[in-house]
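This report describes the chain shown below, moving from a single helix to the overall fold and then to its core.

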Amino acid sequence: MKGARELAKQEGLKHYFTGLPCKHGHIDKRQTSDGTCMACSREKSAKWTLLNREKYLELKAVSNDKRKHKNQAYARMWRQTNPEKKNAIEANRRASKLQRTPVWGNHSNIKMFYEVAEVLSRGGVLFHVDHIIPLKGKEASGFHVENNLQVLPWHQNLRKGNRL
Ligand SMILES: [Zn+2]
């Protein structure tokens, strides 16, 4: 199939397929940039990995590290742009840590409180979802359930925190 590579190039595809065997007998996709058979390329890199185990592990560690940093940066950005979702996740994590979400808690109702807080926060004042009875209070411990939740503007929530 002549022209498959040109066609792939035109369409901006990374790979193309001719159905014809390469010089090593593989019938596989080819790389558009240089026509390399993907099976050959896999074999080559597998061979290289075997022969250069130390270097391979080193490169892998570097790329893992890079990915980790990238993920961390992304997570940080996400938390900044989605403060209410972040708060919801943290509250859930806290609650499950304390095992304060009983099986009878209605998860979609709980979620609604966070959605309400998020919508209200769009007005410019940040709203928090507050536990009426704190999850780990001095006198009583509340549950992470809908009838123990209320949506408060952040300053009231902080005031409440000081009082308790
Ligand atoms: Zn090949």
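## Helix H2

What should the 14 residues of helix H2 (residues 38-51) span at 1.5 Å a residue, and how far apart are its end C-alpha atoms? The expected span is 20 Å and the end C-alpha atoms are 20 Å apart, so the two values agree, where the expected span of a helix is 1.5 Å times one less than its number of residues. The count of buried residues in H2 is zero, which leaves this helix hardly covered; a residue is called buried if 20 or more other C-beta atoms lie within 10 Å of its own, exposed if 12 or fewer, and partly exposed in between, with C-beta atoms placed from the backbone.

## Basis of the description

The model is predicted, and local features need pLDDT of at least 70, side-chain atom pairs count only at pLDDT 80 or more, and totals for chains, interfaces and linings use all residues. Residues are numbered from 1 along each chain as its sequence is written.

## Overall fold and dimensions

The chain has six helices and four strands, arranged from the N terminus as α-β-β-α-α-α-α-β-β-α; helices (H or I, at least four residues) and strands (E, at least two) are DSSP runs, numbered from the N terminus. The radius of gyration of the chain is 28 Å, whereas a compact globule of 164 residues would have one near 15 Å, the radius being taken over C-alpha atoms and the globule rule being 2.2 Å times the number of residues to the power 0.38. The C-alpha trace spans about 80 × 40 × 30 Å along its principal axes, and 11% of the 164 residues count as buried.

The domain assignment, which is automatic or from a database, gives domain 1 (4-76) and domain 2 (83-163). The C-alpha centres of domain 1 and domain 2 lie 47 Å apart.

## The largest nonpolar core

A nonpolar core is a set of buried Ala, Val, Leu, Ile, Met, Phe, Trp, Tyr and Cys residues joined through C-beta atoms within 7 Å, and the largest has nine residues, including Ala91, Tyr114, Phe127 and Leu149. Helix H4 (83-97), helix H5 (107-121) and strand S3 (127-131) each give two or more residues to this core, with H5 giving the most, four residues.

Leaving aside neighbours within four places in sequence, leucine 149 is in contact (C-beta atoms, placed from the backbone, within 7 Å) with Ile110, Phe113, Val129 and His131.

Technical notes
Contact = placed C-beta atoms within 7 Å.
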